[in-house]
Amino acid sequence: MSQEVDVPRAVSGVGGWLDDRFRGAKGVRVLMHKVFPDHWSFMLGEIALWSFVILLLTGTYLALFFVPSTSDVVYHGAYTKLDGITMSQAYESTLNLSFDVRGGLLIRQIHHWAADLFMVAIIVHMLRVFFTGAYRKPREVNWLIGIVLFTLGLIEGLFGYSLPDDQLSGAGLRVLEGILQGIPIVGTYASYFLFGGAFPGNSIIPRMYLLHVFLVPGVILALITAHLFIMFHQKHTQMPARGNTGKNVVGQPFFPYFLLKGQAWFFFIFGALVLLATFAQINPVWEYGPYTPLAISSGTQPDFYLGLLDGALRIMPPWEINFLGHTLSLSVLIPALLPLGLIFGGAALWPFFERWATGDKAFHNINDRPRNAPIRTATGMAAVVFYGVLWGESANDIIADQFKIPLYTLTWIARVMVVVGPVLAFIITRRICIGLQRRDAGLVTHGVETGIIRQLPNGEFVEEHRALTEEELAPLQAKEAPELLPEPESHDRNGVPAPETSGLVGHARVIANRAFAETVPLQPDGHGNGNGHGHGHGHGNGHRDGEASGERAAVEAGPPEAGAPPRPGLRSLDRSFPPGRLSMALYMYQASYTAKSMAAQLKEPQDPVEDITTALEEVGAEIVVAAFPFGEYDLLVVYEAPDDMTAASVAMAVAAAGEVKSAKTTRLLSGQEWLESLRKRRVVGSRNAR
């Protein structure tokens, strides 16, 4: 919530002077009062932001001493092991930066660690956005900007560690040259254009320097600015919590809280990078020596974010084909295009695919819990495993040496796991999400275990549960499930076929829709499963639980009139009951029907009291009182259960009674309390069901 802030007189004077000339007071005031959600995961993006700022600062210092030239020189510097060795000016200036410039090595290592942290932060931030569904309308553009930033980060990192012209960076450039030449028809021309002739050429270092120092950072800076402005305009998403809605933002104002928090975060990140640069050596170019095409290196890998490409090259069989007189080196072309194409292309298309499959065109300002979107979460984990297998394979020579495993054995393991691993990750993650949803449903139904065990008069031991607090319940109730599309080739009441599910594309859309709609409702169907549309596998029909306002409206509307279909809004109130005691169950009646079944109910309206009475009698529960309506609720049933009957069996019996979806009981009442409760409520329409 915004609040008035006392502005120091000096600041007020400067602000007044600027406002008189630029009219910026209103915009600054809006910025100062801007509220940002206070959740730890939202700081992941700031890690990337401040890492980029540190990259700009340290990169500026390094640019003062680096010489982007491939001209040959003889080295006579402080590193005596390379004294008298012919090398490029780029490599010589890198050695001078490391050993002769005061603080040069520290700045070099801060710069390199900041680049790695920048990429780590982008990856983790994008995973957070993906798993919580924060890319949905209206934030698709910002999601695409994030993907472009990640791509530019890969390019910037490749150019950055290639500039020193050491043996490791030269090997990386050799791979880049092979990938370019593997492109059909235009590959050779592209390679000659970038390298200025045959590899290695004399132009690649100056050209990469211009791209690394000026062009790519400028584009990244512009995209980060656009990313922040769009986020500022659209407002930040929020995690599901009490008081968080799609129309508010709960958090802290930009000034002073968020501003000071961001500054502290910057200095913390900078301090962490300084510690890493001081005690953790990275990219010791003097150990690799200057680049020469005649030498090769072993036991070396690129930075982690490019390990995906290196691993893909290592597992690819030596495939080549001739097409129209051109040789296609599939062993290079496929590893270069397929992994990144799957990850980046899939990530870019996913928001639009999900909207197509679910038919969801609503605005989303509240994030999903990953467990509530099993297909999305499972797909994300499959991509992570795919990336991880290829990344691990990029170090197969080191793994083979350390663990004494044949190199070709590791290669075949990676070839299998790059296919099987994502599939297993998808299946396991989906099942974990469904299991966590069932756990949430159990918490809503039974409450939280208190650890208190009580013995009943009949000798049975039961554990007491407490109801969830409003803070604990709010994230669970924020759960949403996509609406089910009509079945393929279905027709409306006028016989018109549903256009969105017709044809081959329509069938595919229905399959995807059923997958996305898979969920476990917070109010189970009595068998421990369900999806809010019917059963637990995404193939039912009808309506999911309505918003709270819709449920209240259903209650306030009173009992349904004769001949009217049942109202939506299932809600049962309490926990379980011990057997052999009078128990009360308060129900709200929920409909789950298609247009066809609705027409049948209009002709033959069902009595919910009769449905539940019959169901309970079939399992041996004696109905004492059935009332319709009962105060603010739709239905009251009082019954006495046999000693050997459990709450679960009664719930299952009632769940089988047509449209009734849940059976739970409130606290036990004595006979006298029952009479007093009935008198106070002045129940009308009560009857003895026996």
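**Exercise 1: a hairpin**

Work out how many residues separate β7 and β8 in their hairpin, and which residue in the turn has a positive phi.

*Solution.* Start with the turn: 5 residues lie between β7 and β8, and G459 there has a positive phi of about 95 degrees. Before going on, please note that this is a predicted model, where local features need pLDDT of at least 70 and side-chain atom pairs count only at pLDDT 80 or more, while totals for chains, interfaces and linings use all residues. Residues are numbered from 1 along each chain as its sequence is written, and side-chain values use heavy atoms, with hydrogens and water left out.

Helices (H or I, at least four residues) and strands (E, at least two) are DSSP runs, numbered from the N terminus. Next, look at the pairing, which requires that DSSP finds at least two bridges between two strands. Strand β7 (residues 448–455) and strand β8 (residues 461–466) run antiparallel and are joined by 5 bridges. Two partners can be picked out: R454 has V462 as its bridge partner in β8, and I453 stands opposite E463.

Finally, check the burial of β7, using these classes: buried is under 20% relative accessible area, exposed is over 50%, and partly exposed is in between (1.4 Å probe, protein chains only). Of the 8 residues in β7, the number buried is 0, so the strand lies largely in the open.

**Exercise 2: two helices that cross**

Find the angle at which α4 and α5 pack, and decide which residues meet.

*Solution.* First take the geometry. Axes are lines fitted to C-alpha atoms, for helices over the stretch in contact, and angles run from 0 to 180 degrees between N-to-C directions. Helix α4 (residues 89–99) packs against helix α5 (residues 104–132) at about 110 degrees, and the axes are 5 Å apart. That makes α4 roughly perpendicular to α5; the classes are under 35 degrees for roughly parallel, over 145 for roughly antiparallel, 65 to 115 for roughly perpendicular and oblique for the rest.

Now list the contacts, meaning heavy atoms within 4.5 Å. On the α4 side are T94, L97 and S98, and they meet G104, L105 and R108 of α5. Sorted by class, this contact has 2 nonpolar, 3 polar and 1 charged residues. Here Ala, Val, Leu, Ile, Met, Phe, Trp, Tyr, Cys and Pro count as nonpolar, Asp, Glu, Lys and Arg as charged, and the others, Gly among them, as polar.

**Exercise 3: partners across the sequence**

For R509 and L275, say whether each is buried or exposed, and give the C-alpha distance from R509 to W356 and from L275 to I110.

*Solution.* Begin with R509, found in helix α18 (residues 503–516). Its relative accessibility is 15%, so R509 counts as buried. Its C-alpha lies 7.5 Å from that of W356, 153 residues away along the chain. Setting aside neighbours within four places in sequence, the contacts of R509 are W356, A357, G359, L485 and E500.

Then turn to L275 in helix α10 (residues 254–279). L275 is exposed, at 52% relative accessible area. From L275 to I110 the C-alpha distance is 8.9 Å, across 165 residues of sequence.

**Exercise 4: backbone oddities**

Which peptide bonds ending in P200 and P256 are cis, and which phi values do K235 and N283 have?

*Solution.* Take the prolines first. F199 and P200 are joined by a cis peptide bond with omega about 5 degrees, and P200 sits in the loop between α8 (187–195) and α9 (204–234). F255 and P256 are also joined by a cis bond, with omega about 5 degrees; P256 lies in helix α10.

Next come the positive phi values. K235, not a glycine, has a phi of about 75 degrees and lies in the loop between α9 and β4 (251–253). K235 is partly exposed, at 43% relative accessible area. N283, not a glycine either, has a phi of about 50 degrees; its place is the loop between α10 and α11 (285–288). N283 counts as buried at 11% relative accessibility.

**Exercise 5: the whole protein**

How many helices and strands are there, and what share of residues is buried?

*Solution.* Count the elements: 23 helices and 11 strands. Then the burial: 43% of the 690 residues are buried.
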